[in-house]
Amino acid sequence: MGQNDIMSTAEDFADQFLRVTKQYLPHVARLCLISTFLEDGIRMWFQWSEQRDYIDGTWNCGYFLASIFVFINLFGQLSGCILVLSRNFVQYACFGLFGIIALQTIAYSILWDLKFLMRNLALGGGLLLLLAESRSEGKSMFAGVPTMRESSPKQYMQLGGRVLLVLMFMTLLHFDMNFFSILQNIVGTALIILVAIGFKTKLAALTLVIWLFGINIYFNAFWTVPAYKPMHDFLKYDFFQTMSVIGGLLLVVALGPGGVSMDEKKKEW
């Protein structure tokens with residue numbers, strides 16, 4: 001079997017997967033995408049005192065302002081998740097969750113930690129894709145009315161979302177000289193480039209979903225660590241952030257790469 005035959009078979013599998021899961025995939029993608037906000041909002045409730053004390057100790061802002069910070073995170077994340085899952089005011093929910101990401105980036109000094117900053121940006125990429133999806137749903141209300149080609153804002157949101165999503169994979173590259181790490185780096189880099197430029201996008205994104213899910217289950221198995229150990233919370237945080245990026249990639253699989261992509265340009269050639 002030649003290289004073209006293998007690629008054709010893989011693309012047929014991706015198309016078949018999309019046909020079978022078309023009705024359910026966007027819902028699963030949205031649930032995965034907001035999972036880190038849902039988990040963090042619930043954690044704010046159960047760890048209110050710890051989070052308040054941490055913010056107060058870090059910024060010396062007093063219990064009142066620290067409590068306001070915890071409340072904003074709790075209410076903002078849980079209400080945003082409810083709005084996204086119920087498909088109500090999704091655009092406002094996305095902007096609110098963008099604000100939560102920015103607030104946490106500053107409050108927890110993530111701005112100076114490149115790995116966590118790239119993961120937060122990848123999370124923002126998933127929200128951009130969710131925002132683009134909500135714009136397309138709004139347009140569907142006017143079915144049958146002649147419209148111009150897909151609007152530029154939506155196209156560029158999808159492009160920005162794809163590019164930001166691949167930052168997650170940049171944090172997973174290993175610079176070891178063993179064969180497995182080299183192979184993983186080469187294959188992973190090729191796939192993230194394909195997603196970023198929008199070439200064979202659905203197949204590349206689906207492959208990344210499978211790969212990232214496997215890595216997440218193996219390396220971030222927080223359920224194997226006792227809850228009282230700090231590593232439990234660290235792995236749990238990583239696990240749900242990774243699930244959110246998986247949700248963003250599933251949106252790419254479900255919705256396609258958008259107008260600013262090589263896949264779209266091929267249709268014009």
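**Exercise 1.** In this predicted model, work out whether Leu-203 is buried or exposed.

*Solution.* Start with the cut-off: buried means under 20% relative accessible area. Leu-203 comes in at 14% relative accessibility, so it counts as buried. Next, place it: Leu-203 sits in helix H10, which covers residues 201-219. Last, look for a partner far off in sequence. Asp-15 is 188 residues away along the chain, yet the two C-alpha atoms are 8.4 Å apart in space.

**Exercise 2.** Give Asp-233 the same treatment: which burial class does it fall into?

*Solution.* Again the cut-offs come first: under 20% is buried, over 50% is exposed, and partly exposed is in between. With a relative accessible area of 31%, Asp-233 is therefore partly exposed. As for its place in the fold, Asp-233 belongs to helix H11. Now check Phe-222, which is 11 residues away along the chain: its C-alpha atom and that of Asp-233 are separated by 7.4 Å.

**Exercise 3.** Track down the largest nonpolar core and say which residues have the most contacts inside it.

*Solution.* Step one is the head count: this core has 53 residues, and Leu-130 and Phe-169 have the most contacts inside it. Step two is to ask which element gives the most, and that's H11, with 11 residues. Step three zooms in on Phe-169. Leaving out residues up to four places away in sequence, Phe-169 touches Ile-192, Leu-208, Trp-211, Leu-212 and Leu-249. Don't stop there, though: a second, separate core has 7 residues, among them Phe-69, Val-70, Leu-74 and Ala-107.

**Exercise 4.** Describe the largest pocket: what is its volume, and which residues lie nearest its centre?

*Solution.* The volume is about 450 Å³. Then go to the lining, which is made of 14 residues; Arg-43, Gln-51, Tyr-54, Tyr-108 and Tyr-237 lie nearest the centre. Sorting the lining by class gives 7 nonpolar, 3 polar and 4 charged residues. Finally, see where the lining comes from: helices H2 (25-46), H3 (48-59) and H11 (230-255) each supply at least two of its residues.

**Exercise 5.** Take the "transmembrane region" spans in the UniProt record and find how far apart the ends of residues 63-85 and of residues 239-260 lie.

*Solution.* First, the record: the unreviewed UniProt entry lists residues 63-85, 92-111, 155-173, 179-196, 203-219 and 239-260. Now pick out the two spans. For residues 63-85, the end C-alpha atoms lie 33 Å apart, and the span is 100% helix with 0% strand. For residues 239-260, the end-to-end C-alpha distance is 31 Å, with 77% helix and 0% strand.

Technical notes
Residues numbered from 1 in each chain as written. Predicted model: local features only at pLDDT ≥ 70, side-chain atom pairs only at ≥ 80, totals over all residues. Heavy atoms only, no water. 1 Å grid on protein atoms, 1.4 Å probe; cavity = no way out; pocket = protein on both sides within 12 Å on 5 of 7 lines; lining within 4 Å. Points joined across faces, edges and corners; volume = space filled by probe spheres on them. Helix = DSSP H or I, 4+ residues; strand = E, 2+ residues; numbered from the N terminus. Nonpolar A, V, L, I, M, F, W, Y, C, P; charged D, E, K, R; others polar. UniProt positions renumbered as here; feature names shortened; annotations may be inferred. Core = buried A, V, L, I, M, F, W, Y, C linked by side-chain atoms within 4.5 Å. Buried < 20%, exposed > 50% of the residue type's maximum accessible area, 1.4 Å probe, protein only. Contact = heavy atoms within 4.5 Å.
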